[in-house]
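The following exercises concern the packing of helices and the pairing of strands. Please study the sequence and the structure before reading each solution.

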Amino acid sequence: MSSTTVARTAQESIDLAKAASARLEGQTAEKIVEWAAGEFGERFCVTSSFADAVLAHVVSKVVPGVPVVFLDTGLHFAETLRVREIVQRTLPVTVRSIRPRQTVAEQDAEFGPRLYARDPDECCFLRKVEPLERALEDYDAWAAGLRRDESPSRANTPIVSFERARGKFKVSPLALWTQADVDAYISRHNVPVNALMRQGYASVGCWPCTRRTPPGGDPRSGRWAAFDKTECGLHTSG
């Protein structure tokens with residue numbers, strides 16, 4: 001696979017993303033990954049929060065050894081880190097654990113303790129968004145596990161988009177999947193799953209800001225439950 005970045009203008013990148021997204025609509029996740037691997041080669045990676053390893057598993061079948069970026073915020077549940085360990089040991093991927101510039105203690109010393117409870121957007125920026133920006137410097141495109149059925153904010157997720165602010169392509173191979181599709185894939189392939197997902201958590205992030213999903217709530221309604229917030233900022237770069 002090529003590791004050379006193709007020079008494109010922003011408009012050319014936007015046009016490529018729109019055309020690819022339209023062409024790949026309705027295709028299997030594997031076909032979407034094949035397109036991304038062919039287009040970006042070694043400049044393509046996966047990101048995962050390790051609520052499960054479905055995306056990593058899907059991509060690794062097409063691109064063995066693919067880099068899987070994990071944002072190690074220092075505030076993860078032990079169950080999440082356990083999935084990372086299993087993935088590292090059992091899947092043909094290269095897990096890259098990316099840490100914030102500051103430890104939790106250093107952040108507390110500069111910003112005061114429990115920043116997540118006072119300004120969750122700033123905490124997410126420091127511990128997730130900025131580390132992702134650094135991680136993506138090595139890549140032209142990244143695959144995310146976004147699904148349209150997860151929440152209203154994700155209902156219009158394109159298969160491929162170009163993030164002008166980051167200068168990166170984002171690929172969503174699972175965009176068309178339902179929770180039933182995810183469950184069936186996990187069962188069929190014995191994919192590692194975060195134990196919290198079987199304990200009433202439909203979405204798992206950092207422990208201070210994650211609660212069990214309320215009955216009847218959308219899968220992300222347990223995230224930042226005390227705030228008008230459902231996204232950490234990773235998926236809002238235009």
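**Exercise 1.** In this predicted model, determine which strands helix α3 lies across and at what angle to β1 it runs.

*Solution.* Begin by locating helix α3 at residues 54-62. Helix α3 lies across β1, β2, β3 and β4. Its direction is at about 155° to β1.

**Exercise 2.** Describe the order of the strands in the open sheet, and identify the strands that stand at its edges.

*Solution.* Strands of a sheet pair through backbone hydrogen bonds, either parallel or antiparallel. Here six strands form the open sheet, ordered β3-β2-β1-β4-β6-β5, with mixed pairing. At the edges stand β3 and β5 (160-163), each with a single partner strand, so one side of each has no neighbour in the sheet. On average, neighbouring strands of this sheet are turned by 30° against each other, direction ignored.

Next, consider individual pairs. Strands β2 (residues 66-71) and β3 (residues 93-98) run parallel and are joined by six bridges; V66 has V93 in β3 as its bridge partner. Together with helix α4 (residues 78-90), β2 and β3 make a right-handed β-α-β unit. Strands β1 (residues 44-47) and β4 (residues 141-143) also run parallel, joined by three bridges, and V46 is partnered by A143 in β4.

**Exercise 3.** Establish how α1 and α2 are oriented to each other.

*Solution.* First, take the angle: α1 (residues 10-24) and α2 (residues 29-40) pack at about 150°, with axes 10 Å apart. Angles over 145 degrees count as roughly antiparallel; α1 and α2 are therefore roughly antiparallel to each other. Finally, inspect the contact: L16, A20, R23 and L24 in α1 meet K31, I32, W35 and E39 in α2. These contact residues comprise five nonpolar, no polar and three charged.

Terms used: Residues numbered from 1 in each chain as written. Predicted model: local features only at pLDDT ≥ 70, side-chain atom pairs only at ≥ 80, totals over all residues. Heavy atoms only, no water. Axes fitted to C-alpha atoms, helices over the stretch in contact; angles between N-to-C directions. Helix = DSSP H or I, 4+ residues; strand = E, 2+ residues; numbered from the N terminus. Parallel < 35°, antiparallel > 145°, perpendicular 65-115°, else oblique. Contact = heavy atoms within 4.5 Å. Nonpolar A, V, L, I, M, F, W, Y, C, P; charged D, E, K, R; others polar. Pairing = 2+ DSSP bridges. Right-handed = clockwise from strand over helix to strand, strands pointing away.
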